[in-house]
Every structure is written in C-alpha cells, then in structure tokens.
Amino acid sequence: MNNELSFEKAIKRLEEIVSILESGDLSLEQALEAYSEGVKLSSYCNTKLEEAEGKMIKIINENRDYKEIEMDNEMKE
Amino acid sequence: MPKKDIEDVRVFTVTEVNLYLRQLFERDLLLSHIYIKGEISNFKVHTSGHAYFSLKDRESRVKCVMFKSNLSRLKFMPEEGMQVVIRGYISIYERDGQYQLYAESIIADGAGELYKAYEQLKSKLSSEGMFSEEHKKPLPLLPKRVGIVTSPTGAAIRDIISIGRRRNPNIDIYLYPSLVQGEKASIEIAEGIKYFNRYSDVDVIIVGRGGGSIEELWCFNDEAIARAIFESHIPVVSAVGHETDFTISDFVADVRAATPSAAAELVFPDKQQLISYIKKIEGHLYSSMVSYIKDKKILLNSLTSRSSFRHTETKILNYRQSLESMKQNLDKAIKNTIEDQRNNLYIYNEKLNILNPASYLNKGYAYIKNKKTGELIKSIKMITNDDVLNIHLKDGYASAVVISICEGDKNE
C-alpha cells in the first residue's frame, strides 16, 4: 500500500469538482483553480489506467518456502 | 449367429423388454411398496411441476421422481443434503430403460448430517458477528494486483484470467494454487489467503472454484477458511460453484460472487468503461466551466441592462446636458456682465468728467480752505472774523483775512 493518490480518490475528487463548478457558487478565481485541478486529475486517472502491462504470477509453495514465478503460457491462453 | 437360429428363437423389441421389466418390478412385493432412507441430492422441480432428484448414501444413489400431485402434499420443500425417508415404489421408466424411485411421500429424517454441521457452523460464526455488514470491506475501484486462490487446473482460473485480461490487461494477476475439494483443500485455501495478507500486496483476493456437487463444494464450508477470510485485511471475494450454491465462505467474504466469472467481472474493472467514464467527467468539467463563464456574462449583461442601472445612466446624461447648458449660460452671463461693466465704466467716466471740480474751476468757480486747519469751507458758519482763508482758483490760490461775516444773504 502506498501513499500516492488512489484511482478512486482521484475519481471522487473529480466528480466533486464538477458538481461544485456546476453549482456556480465560486468566484471566477476559485472556478479557474477548480477547473485546472480537474484537468490535472483526469489526466492522472488516464495515466493510471495505462500503467504497464499486468504481470501474471504463480506462487509456488515448497514447505512454506514461497516463490513467485511467471505463469505458464497455456494459462495465459 | 446362423439365420436358422434366429428364426427358431423369439426376438424381443426394446420396448417389449422394458415393458416386461416394468411389470416385473411392479409385481414385486418389496419394490412396489417400499420405504428408503437417504440424503436428497440435486433436487430440481421441472417446469411441469414434477420434481427430479437423487437419493443417496455413502456408497450409492438412486434416481427419484416425485409427481406434482404428491409434491404439492408435502408440508416442506425438500432441500439439498436433507436426510429423509421416502415412501414409494420402484419401477422402470420405459423410454430410457432407467429404473427409478417414484416417491409418494417424503418424511424428513432430521436434517442431513452434513447439513446439520453446516447449519451449526453457520449459526456459530453468525453469532460471532462474522457475517455482519459492518465488517464488509469495499472492493477497490481499480486494483493494481489481484490475488486468486483456486485450483491451477480448474475452470475457475481459466475463466477469471480470460475475463480479467479482456476487461483490463494492465492489472497484475497472482495465483496461489490450491486444492478445491477434499479435506486438505480447506487448509490450503486458508493458507493462500494468509499468504497474500503476509507476503504480497494484492489489492483484492478471489477465492473459489467452479460448479460441482455439494460434497465437492463442501470444503468452502470450513471454519479455517471462514476465519482466514474474516481476518484478511485485504477484501475477499468468494466465488464458489453456481448461482444456487451458498457456502460459509460466501457469507464471511466481503463480496459474494455467483460464479468465478462473475467474480472476475466484479474485481476487474472494464478499462474501456473507465476510460469513457473519465471522458464523460472531462466533458462535464469542460461544459460546467463554459456554462459558468456564460452565466457570469449573462449576469453582467442583465445587471447593466437593468432599469435602475439604465435610469442612472439617463440621469447622468441629463445632468451632463444641464451642466453643459448651465456652463454656457454662465459663460454668457459672465460675458454680459463684463460688457455691462465696460459700458458702465464708460458712462461713469463721462459722468466723472462732468463732475470733475476742475471743470468748475475752469468756469471761474473757486473753493476755499481754512489756511490753518486745511478744512474745506462749505458753510458761513465755519468762518469767524480774522480767519485766514486760502482761496483756490484755476491757476493758484490767494490768502485772505475775514473782515466781516454776513449770514443768510446769498446775494451780494
């Protein structure tokens, strides 16, 4: 578990920003600030989605001596 | 076989044999009226309303059918694993050549032993609060790593991998291979869950297996698995068998999936869907900003065109105009005044010229001052005898002494 912003938190904040902007209660300065935060968040979410190709790992348990190995090709299909 | 032999013997049709056997069964005193005890398995009610199932014990099983009319008379619905005594008869279903037990009534012989143990464990864990909603952890929206505890050769892992990869190829898949049936399976599955909690940082765990008989799924009704799931700090999805199968692990898990495929769909978010969702929010973000600005513009316009504002504007215009005309008037007034003054000055000048005493002196008039005091003498009363007076004429003055004073007589 790391401390970086999670995908769902980013999405939630993004949704929040949109609804605040839609309410129209902000000063122009605040609105511009919110908008630019929103743009940053959405590009962050897109980056998160495009992170490297997922690994396929099989755990081998030899008397509680664990090893992680690449899955066989047949399992990956 | 020589043709002659065949002609000599009687050859039966399949139907005839099945009919014969059926009559044989039905004439049999034991089979035509029998009580059998066993455990109900695969109980299904067909759309026709008839029930089909098996009755079994440890070694063997017999196919059973219960017609709608008999079924409707039962005071309970037979269930999987239920230990029962069935009254009925055994006969042949001619079409399939299959013998079966025709159940006329079913007596519950207490709950089946397996079922009893299941119920006991379920109520025990439930009373400990292990099924309660407050302990359920939400699944991550976008896991980075998914841990799976199941058989490496079963249908479950194949389904999960193919669905998971298709929906989102960027998510890591970690498989902890385990048995998924038999006594040792429970321990291995529990160990798999613990492994992920101790040594790996997967974001969610799927435990499960594909469909099978109730006995095959039974290992998921084990207390060790239940506790491992309950103690997991990583969210656990339980996916055992089919939609209709419920195991203890389903109750303890944070989420129960009907099947392993359903688990994959719950755990692996569809990448395209997420992308289009983000696109949608981006659209909202943009359009809300645009409409924010539009709103402010409209507000500004409405403020400036509002009557009070316009009124003020007109007022200002009016003031400006009147100010202008006032200024013109003032200018004119000043000009006039100057003109008037100039005229007056001229007139005064003329008048002054007329009033200038020197002009009188030119005509022969004189003025008199007291020599001593310098006073202008305007009246006879200002003079006494022996005063010295200066008589001023046009071109000089003379001093004279008063000899006599005669008041009141203007004419000399």
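What follows is a walk through a predicted model of two chains, A and B, starting with chain A and ending in the core of chain B.

Let's begin with chain A. It holds three helices and two strands, and read from the N terminus these run α-α-β-β-α. Of its 77 residues, 17% count as buried. If you look at contacts between residues at least 6 apart in sequence, 32% of those in chain A join residues at least 24 apart.

Helix 1 of chain A is a good place to stop. Its 17 residues reach 25 Å from first C-alpha to last, close to the 24 Å expected at 1.5 Å a residue. The buried residues here are A:Ala10, A:Ile11, A:Leu14, A:Ile17, A:Val18 and A:Leu21. They take up an arc of only 120 degrees around the axis, which means they sit on the same side of the helix. Now turn to the face pointing away from that buried side: it carries the exposed residues A:Lys9, A:Ser19 and A:Ser23. And what lies over the buried side? The cover includes helix 2 of chain A together with helix 11 (271-305) of chain B. Just after helix 1 of chain A comes A:Gly24, with a positive phi near 70 degrees.

With helix 11 of chain B already in the picture, let's look at how the two chains meet. The contact draws 35 residues from chain A and 31 residues from chain B. On the chain A side, helix 1 (7-23), helix 2 (28-49), strand 1 (56-62) and helix 3 (73-76) each supply at least two residues. Sorted by class, that side has 19 nonpolar, five polar and 11 charged residues.

The chains also share a sheet. It is an open one of seven strands with mixed pairing, in the order 2(A)-1(A)-7(B)-6(B)-8(B)-9(B)-10(B). Strand 2 (65-70) of chain A and strand 10 (255-256) of chain B stand at the edges; each has a single partner strand, so one side of each is left without a neighbour in the sheet. The step from one chain to the other is made where strand 1 of chain A pairs with strand 7 (residues 172-177) of chain B, in the parallel sense and over three bridges. To find the spot, look for A:Met56, which stands opposite B:Ile173.

Moving on into chain B, strand 6 (residues 145-150) and strand 8 (residues 204-209) run parallel and are joined by four bridges, with B:Val146 opposite B:Val204. Strand 8 of chain B then pairs with strand 9 of chain B, again in the parallel sense, over five bridges. In that pairing, B:Val207 has B:Ser238 as its bridge partner. Strand 9 and strand 10 of chain B finish the row with a parallel pairing over two bridges, where B:Val237 stands opposite B:Val255.

Strand 9 (residues 236-240) of chain B deserves a second look, with five of its five residues buried. In a regular strand, side chains alternate between the two faces of the sheet. Here B:Val236, B:Ser238 and B:Val240 point one way, B:Val237 and B:Ala239 point the other way, and all are buried.

Some of these residues turn up again in the largest nonpolar core, which has 47 residues. Those touching the most other members are B:Val146, B:Ile148, B:Ile193, B:Ile205, B:Ile206 and B:Val237. Helix 6 (residues 183-199) of chain B gives the most to this core, with six residues. Take B:Ile206 as an example: leaving aside residues up to four places away in sequence, it touches B:Val146, B:Ile148, B:Ile160, B:Val237, B:Ala239, B:Ala263 and B:Val267. Apart from this core lies another, of 16 residues, among them A:Ala10, A:Leu21, A:Ala34 and A:Leu41.

One of the contacts of B:Ile206 is B:Ile160, and that leads to helix 5 of chain B, where the buried residues are B:Ala156, B:Ile157, B:Asp159, B:Ile160, B:Ile161 and B:Gly164. Helix 5 (residues 155-167) has 13 residues, which should span 18 Å at 1.5 Å a residue, and its end C-alpha atoms are indeed 18 Å apart. B:Arg165 is found in this helix too. Is B:Arg165 buried or partly exposed? With 18 C-beta neighbours inside 10 Å, B:Arg165 counts as partly exposed. B:Arg165 and B:Phe268 are 103 residues apart in sequence, yet their C-alpha atoms are 8.3 Å apart in space.

Methods: Residues numbered from 1 in each chain as written. Chains lettered and ligands numbered in written order. Predicted model: local features only at pLDDT ≥ 70, side-chain atom pairs only at ≥ 80, totals over all residues. Expected span 1.5 Å × (residues − 1). Buried ≥ 20, exposed ≤ 12 C-beta atoms within 10 Å, placed from the backbone. Contact = placed C-beta atoms within 7 Å. Nonpolar A, V, L, I, M, F, W, Y, C, P; charged D, E, K, R; others polar. Pairing = 2+ DSSP bridges. Arc of directions from axis to C-beta. Core = buried A, V, L, I, M, F, W, Y, C linked by C-beta atoms within 7 Å.
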